[in-house]
Amino acid sequence: MIPVRGFEGQKVAVFGLARSGLAAARALAAGGAEVIALDDRAEARAAAAAEGFRVEDLAAADWGDLAALVLSPGVPLTHPAPHWTVARARAAGVPIMGDIELFARTVAAAPLHRRPRIVAITGTNGKSTTTALVGHVCRQAGRDVRIGGNIGVGVLGLEDMHGGAVYVLELSSYQLDLTSTLAADVAIILNISPDHLERHGDMDGYVAAKKRILLNQGKGDTAVVGVDDPWCQQVVTEITAANRRTIVPISARRAMGRGVYALQGMLYDAMGERVTEIADLTRAASLPGRHNWQNAAAAYAAARALGLSDESATQGLMTFPGLAHRMETVGAIGRVRFVNDSKATNADAARQALSSYPRVYWIAGGQPKAGGIALLADLFGVVAKAYLVGEAEDAFAATLEGRVPYARCGDIGAAVRAAYADARASGEDAIVLLSPACASFDQFADFEARGEAFRAAVHGLAAPARVREASAR
């Protein structure tokens with residue numbers, strides 16, 4: 001745990017007591033703050049009370065006594081409407097922040113010899129893989145690495161800091177909205193495409209949230225930014241004009257005069273005076289596809305910015321084991337392979353998976369995002385058949401009608417059984433791909449639970465022993 005400094009003896013309200021909120025409450029208490037905890041869910045309030053936290057109805061609290069309101073990232077800050085606690089805090093002049101801001105303030109207050117290096121990573125897609133990849137590369141090189149934020153452990157639940165530590169943090173736009181003083185040694189924006197617009201109001205609001213990761217960077221810091229989409233291209237233009245930090249553009253689509261890029265799986269370092277071929281990423285089993293080549297380019301650039309040699313950085317890329325729910329092979333039966341890409345919660349993420357295989361039996365659906373799957377029409381030709389689940393069934397069926405064969409399956413289990421039967425009957429090497437292009441909340445608590453349901457359904461097929469053997473290889 002990282003004890004939060006700066007609120008000793010003061011009252012701090014924490015609203016939202018899931019993973020990050022409860023970790024924030026513990027860290028604040030460890031630093032000497034008086035924590036007042038609240039959540040809309042009775043079970044969360046009971047869990048906080050069981051840990052000894054003061055659970056109080058903030059609607060009846062004296063907000064003039066509060067030093068800060070710490071929000072869980074999922075609590076609406078501005079759109080579709082501010083949460084009532086946000087309105088009360090603003091009316092009383094109480095600062096509103098999240099756990100990443102608490103971490104940033106604690107780092108800033110630490111003596112120089114105890115301040116860690118910070119790698120902060122965001123993007124519409126690929127940020128979890130890149131976070132894990134940067135952490136793996138640094139750990140393989142012998143660095144003391146802590147990985148958290150929007151992945152794994154909440155940042156304040158990580159081991160306490162020291163000057164030799166490297167914190168590699170995945171940051172969502174929700175978390176960045178609540179962050180103002182974080183100074184990242186290396187800040188990465190992988191890509192930006194429309195997502196979470198209901199939370200940020202419009203694309204301008206979403207891009208502004210992503211750009212907050214670059215706040216407070218100065219001379220000696222590094223910004224690694226993808227240039228394969230127009231929004232990130234504009235970010236590079238803006239920060240180049242600011243002329244402070246080191247800027248490393250990355251691409252998985254084109255060669256560049258400077259930066260790091262991947263073409264047809266070959267990774268190139270153009271950060272120095274000459275372009276150097278670094279690695280053949282087609283040999284990295286856990287980094288298939290162009291989107292993962294972009295992730296690798298970002299991780300390599302970050303590792304070099306932290307002082308790792310090109311050899312150490314490359315070795316880490318090639319030994320990366322991959323992440324669950326991100327194009328993860330969960331097993332095979334005969335000539336049919338099952339790929340779990342449950343993390344693909346929007347169409348752009350699903351595009352990455354669909355473009356990585358020549359032919360797929362595609363399981364899609366869930367709680368739909370704006371735009372649905374219409375933007376994937378250019379990839380419908382790789383879909384042998386689609387198996388639709390969840391709330392998006394009707395909308396996705398309407399988009400696919402007359403263009404792609406499909407079946408309405410209702411849930412993941414039925415979709416896996418139907419897709420396997422068709423894939424096996426094809427008599428060819430086949431991929432059954434779960435890449436939903438949707439949120440999971442219509443049927444599951446999160447994308448991890450959806451991915452585990454897919455895994456369980458695969459292992460529940462007619463040849464479970466062969467599935468287990470294949471997935472263990």
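His196 is partly exposed in this predicted model, with a relative accessible area of 24%, a value that falls between the 20% limit for buried residues and the 50% limit for exposed ones. The residue sits in the loop between β9 (186-189) and α7 (197-200), and its backbone has a positive phi of about 55 degrees although it is not a glycine. Most residues other than glycine have a negative phi, and most peptide bonds are trans.

Gln264 also carries a positive phi without being a glycine, here of about 50 degrees. Its place is the loop between β12 (259-263) and β13 (266-270). Is Gln264 buried or exposed? With a relative accessible area of 74%, Gln264 is exposed, because that value is over the 50% cut-off.

The table sets out these two residues together with a glycine that is described further below.

| Residue | Phi | Place |
|---|---|---|
| His196 | positive, about 55 degrees | loop between β9 (186-189) and α7 (197-200) |
| Gln264 | positive, about 50 degrees | loop between β12 (259-263) and β13 (266-270) |
| Gly334 | positive, about 60 degrees | turn of the β15 and β16 hairpin |

A further backbone feature concerns a proline: the peptide bond from His79 to Pro80 is cis, with omega near -5 degrees, and Pro80 is found in the loop between β4 (66-71) and α3 (84-92).

Strand β4 also takes part in an open sheet of 5 strands, whose order is β3-β2-β1-β4-β5 and whose pairing is parallel. At the edges of this sheet stand β3 (54-55) and β5 (96-97), each of which pairs on one side only. Strand β2 (residues 34-38) runs parallel to β3 and is joined to it by 2 bridges, with Ile36 standing opposite Arg54 in β3.

Strand β16 (residues 336-340) offers another view of strand pairing, and 4 of its 5 residues are buried, so that the strand is mostly covered. Which strands does β16 pair with, and in which sense? Strand β15 (residues 328-333) runs antiparallel to β16 and is joined to it by 5 bridges, and in this pairing Glu328 stands opposite Asn340. These two strands form a hairpin with 2 residues between them, and the turn includes Gly334. With strand β21 (residues 430-434), by contrast, β16 pairs in the parallel sense, again over 5 bridges, and Val339 of β16 stands opposite Leu433 in β21. Strands of a sheet pair through backbone hydrogen bonds, either parallel or antiparallel.

Turning to the chain as a whole, its secondary structure comes to 16 helices and 22 strands. The radius of gyration is 23 Å, which agrees with the value near 23 Å that a compact globule of 473 residues would have. Taken along the principal axes, the C-alpha atoms fill a box of roughly 70 × 60 × 40 Å. Buried residues make up 56% of the 473 residues, and among contacts between residues at least 6 apart in sequence, 65% join residues at least 24 apart.

The protein chain exposes about 18,800 Å², of which carbon and sulfur atoms supply 50%. Its charged side chains number 48 positive and 49 negative, and the centres of the two sets lie 3 Å apart.

Conventions. Residues numbered from 1 in each chain as written. Predicted model: local features only at pLDDT ≥ 70, side-chain atom pairs only at ≥ 80, totals over all residues. Heavy atoms only, no water. Rg over C-alpha atoms; globule rule 2.2 N^0.38 Å. Buried < 20%, exposed > 50% of the residue type's maximum accessible area, 1.4 Å probe, protein only. Contact = heavy atoms within 4.5 Å. Areas by Shrake-Rupley, 256 points an atom, 1.4 Å probe, with all protein chains shown as cover. Lys, Arg positive; Asp, Glu negative; His and termini not counted. Charge placed at Lys NZ, Arg CZ, Asp CG, Glu CD. Pairing = 2+ DSSP bridges.
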